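Hi,

Here is the structure I said I would pass on. Have a look at it first, and then read my notes underneath.

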Amino acid sequence: MSPLDGQVALVTGAGSGIGRGGAVAFGALGATVMVADINLDGAQETVEMLQASGVEAAAVHCDVTDEASVVAMIEATVSTFGKLDAAFNNAGNALGQYAIHEMPLDYWKQSVEVNLTGTFLCLKHEVVHMTANGGGRIVNTSSGAAKVPAPGRAPYSAAKRGIVALTAHIASDYAKQGIRSNAVLPGLIDTPGVRANYEDGQLEKIAQYVPGGRLGEPADIGEVAAWLCTDAARFINGQALVVDGGGILA
Ligand SMILES: NC(=O)c1ccc[n+]([C@@H]2O[C@H](COP(=O)([O-])OP(=O)(O)OC[C@H]3O[C@@H](n4cnc5c(N)ncnc54)[C@H](O)[C@@H]3O)[C@@H](O)[C@H]2O)c1
């Protein structure tokens with residue numbers, strides 16, 4: 001018997017990186033997985049990986065910044081698999097860099113929209129189904145940038161800190177409905193999204209400053225997210241858990 005046998009998990013941004021690692025981790029613990037992403041091809045690739053290891057899974061297109069799309073994603077999960085037990089709200093990005101005094105308003109809005117509003121929209125509609133289902137477990141992807149400023153990425157840091165606050169609100173407002181909500185704050189994780197922001201060789205140099213001497217892997221975060229959704233973590237609620245191999249000084 002695996003800890004998430006019979007459970008249905010939804011993972012956003014699961015067509016790449018940490019979300020894909022999360023989808024694999026939920027599946028490894030026995031869950032059926034709905035793989036959501038704005039990039040449907042990436043989501044389908046993740047589904048093929050899951051199915052190859054015997055995990056029941058399906059893909060759904062979703063733009064987390066679009067409320068109708070979020071509603072459709074959750075309806076697709078419930079109509080395909082019958083319910084929604086766990087959600088890993090992970091979709092987000094950290095594109096571009098600007099000093100605050102040079103920052104275009106559109107850049108601010110885009111970052112807050114995908115990282116914070118997108119998480120809010122997922123939470124808003126997940127709790128409805130989880131409440132009707134007698135409870136649920138949620139993990140939101142924040143970032144180490146919620147605690148330590150990411151140079152040139154003030155809206156990202158602000159949005160990720162906002163996710164910590166939203167996580168605590170869900171925890172206190174919906175505990176009586178049987179819903180738990182926690183956040184993971186990854187350090188630097190080796191994903192396609194991160195690789196796109198760094199020049200060749202730069203990440204390997206940064207890795208030297210991580211106490212463990214390496215960057216994180218998507219599984220390092222995904223497995224923590226899946227574990228937080230098991231009964232072993234039943235009394236953990238409203239927490240913001242840094243998962244960074246001991247701290248990044250770069
Ligand atoms: N990799 C890191 O070092 C790191 C550190 C801290 C936090 N994070 C956070 O982890 C999450 C995943 O990042 P990653 O590094 O795996 O990046 P990634 O780019 O490899 O994967 C992100 C996925 O999210 C999807 N996505 C983007 N916008 C979306 C939208 N509007 N709707 C639905 N899906 C959307 C992308 O298509 C992609 O598949 C993000 O929230 C990111 O901010 C990453």
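Below is what I found, starting with the ligand and moving on to a few spots elsewhere in the protein.

One thing to keep in mind: this is a predicted model.

**The ligand site**

Which residues come nearest to the ligand? There are 28 residues around it, and the nearest are Ser-16, Asp-37, Tyr-156, Ile-189 and Thr-191. Sorted by class, that shell is made up of twelve nonpolar, 13 polar and three charged residues.

For polar backbone atoms, I have three distances for you. An oxygen atom of the ligand lies 2.8 Å from one in Ile-18, and an oxygen atom of the ligand is also 2.8 Å from one in Asn-90. At Cys-62, the partner is a nitrogen atom of the ligand, and the distance to a polar backbone atom is 3.3 Å. As for cover, the ligand taken alone exposes 820 Å², and the protein buries 88% of that.

Three helices give two or more residues to the shell: H1 (17-28), H5 (154-174) and H6 (192-195). Of the elements, H6 supplies the largest share, with three residues.

**The aromatic pairs**

How many aromatic pairs does the structure hold? There are two. One of interest is Phe-26 with Phe-88: the ring centres are 6.3 Å apart and the planes sit at 35 degrees, so this pair counts as tilted. Phe-26 belongs to helix H1 and Phe-88 to strand S4 (residues 86-89), so the pair ties together parts that are 62 residues apart in sequence. Is Phe-26 buried or exposed? It counts as buried, because its relative accessibility is 0%. Phe-88 is buried too, with a relative accessible area of 0%.

**Helix H3**

Cys-62 turns up again here. Ser-69, in helix H3 (residues 67-81), touches His-61, Cys-62 and Asp-63, if you skip residues up to four places away in sequence. Ser-69 has 12% relative accessibility, so it counts as buried; the cut-off for that is under 20%.

Ala-76 is found in H3 as well. Leaving aside neighbours within four places in sequence, Ala-76 is in contact with Met-34 and Val-60. In case you want a distance to check your own scripts against, Ala-76 and Thr-119 are 18 Å apart in space, C-alpha to C-alpha, and 43 residues apart in sequence.

**Helices H5 and H8**

Back to H5, which holds Thr-167. What does Thr-167 touch beyond its neighbours within four places in sequence? Its contacts are Asn-140, Ser-181, Asn-182, Ala-183, Gly-238 and Gln-239. Thr-167 has a relative accessible area of 0%, so it is buried.

Then there is helix H8 (residues 218-228), where Pro-218, Ile-221, Gly-222, Val-224, Ala-225, Ala-226 and Leu-228 are buried. Which elements cover those residues? The cover includes H1 and S4, along with strand S5 (136-141), strand S6 (179-186) and strand S7 (240-243). H1 and S4 are also where Phe-26 and Phe-88 lie, and H1 is among the helices that give two or more residues to the ligand shell. If you have the viewer open, H1 is a handy place to start.

Cheers

Definitions and conventions. Residues are numbered from 1 along each chain as its sequence is written. This is a predicted model: local features need pLDDT of at least 70, side-chain atom pairs count only at pLDDT 80 or more; totals for chains, interfaces and linings use all residues. Side-chain values use heavy atoms; hydrogens and water are left out. A residue is near a molecule or strand if one of its heavy atoms lies within 4 Å of it. A polar contact is a pair of N or O atoms within 3.5 Å; within protein, one must be able to donate a hydrogen and the other to accept it, and residues adjacent in sequence count only if both atoms are side-chain atoms. Accessible areas come from the Shrake-Rupley method with a 1.4 Å probe; for residues, only the protein chains shown count as cover. Helices (H or I, at least four residues) and strands (E, at least two) are DSSP runs, numbered from the N terminus. Ala, Val, Leu, Ile, Met, Phe, Trp, Tyr, Cys and Pro count as nonpolar, Asp, Glu, Lys and Arg as charged, and the others, Gly among them, as polar. Buried means under 20% relative accessible area, exposed over 50%, partly exposed in between (1.4 Å probe, protein chains only). Contact means heavy atoms within 4.5 Å. Rings of Phe, Tyr and Trp (its six-membered ring) pair if their centres lie within 6.5 Å; planes under 30 degrees apart count as stacked, over 60 as edge-to-face and the rest as tilted.
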